[in-house]
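Let's take a walk through a protein together, one region at a time. Have the sequence and the 3D view ready, and turn the view as you read.

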Amino acid sequence: MEDSFVRDRITQLRMKKGVSEYQMSYDLGHSRGYLYNISSGKALPPMKEFFAICEYLGVTPQEFFDEGNKRPELIQKAVEGMRGLDDKDMLLLLELIQRLQKTE
């Protein structure tokens, strides 16, 4: 995996969240240029900061690296909502997902 993937993925998820580099840098407790330095290739975040970035963006590290997952924050919300369902409702939801996939 290339460094550019990390930079591009942070930018992609940040833009989907609708925040600027400056705002995200500030929210994470860094100087205004922190995210710019990452997105421009001047730096990569250390592991502790990477976890903070994932939390800020509402994704797990696994979801961050899943290139095929274009909306990890929505999938995360769906999974959280499914955790409280009983088996009957879970099967109903699975049936609906399968039906929707067939119509695409």
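Two residues are said to be in contact when they have heavy atoms within 4.5 Å of each other. With that in mind, find Leu57: leaving aside its neighbours within four places in sequence, Leu57 is in contact with Ile10, Leu13, Arg14, Lys17, Met24 and Glu73. Before we go further, note that this is a predicted model, in which local features need pLDDT of at least 70 and side-chain atom pairs count only at pLDDT 80 or more, while totals for chains, interfaces and linings use all residues. Residues are numbered from 1 along each chain as its sequence is written, and side-chain values use heavy atoms, with hydrogens and water left out.

Leu57 sits in helix 4. Helices here are DSSP runs of H or I with at least four residues (strands are runs of E with at least two), numbered from the N terminus. Is Leu57 buried or exposed? Buried means under 20% relative accessible area, exposed means over 50%, and partly exposed lies in between, using a 1.4 Å probe and protein chains only. Leu57 has a relative accessible area of 6%, so it is buried. One of its contacts is Leu13; the two are 44 residues apart in sequence, and their C-alpha atoms are 6.6 Å apart in space.

Leu57 also belongs to the largest nonpolar core. Such a core is a set of buried Ala, Val, Leu, Ile, Met, Phe, Trp, Tyr and Cys residues joined through side-chain atoms within 4.5 Å. This one has 17 residues, and those touching the most other members are Ile10, Met24, Ile53, Leu57 and Phe64. At least two core residues come from each of helix 1 (3-17), helix 3 (34-39) and helix 4 (47-57). Helix 4 gives the largest share, with 5 residues. In soluble globular proteins, nonpolar side chains tend to be buried together.

Now move to helix 6 (residues 72-82), where Pro72, Glu73 and Gln76 are buried. Because they cover an arc of only 100° around the axis, they lie on the same side of helix 6; the arc is that of the directions from the helix axis to the C-beta atoms. The buried residues of helix 6 pack against helix 1, helix 4 and helix 5 (61-65).

Helix 1 has more to show. Arg7 is in helix 1 and, not counting residues up to four places away in sequence, touches Ile38, Ser39, Ser40, Gly41 and Leu44. Met15 lies in helix 1 as well, and with a relative accessible area of 57% it is exposed.

Our last stop is helix 7 (residues 87-103), the home of Leu91. Arg7 and Leu100 are 93 residues apart along the chain, and 33 Å separates their C-alpha atoms. How much of Leu91 is accessible? Its relative accessible area is 59%, so Leu91 is exposed.

Helix 7 also holds Glu95 and Arg99, which lie 4 residues apart, about one turn of the helix. These two form a salt bridge, with their closest N and O atoms 3.1 Å apart. A salt bridge is a side-chain nitrogen of Lys or Arg within 4 Å of a carboxyl oxygen of Asp or Glu, and by this rule the count comes to 1. Side chains of opposite charge can pair when their charged atoms come close. Glu95 is partly exposed, with a relative accessible area of 42%.
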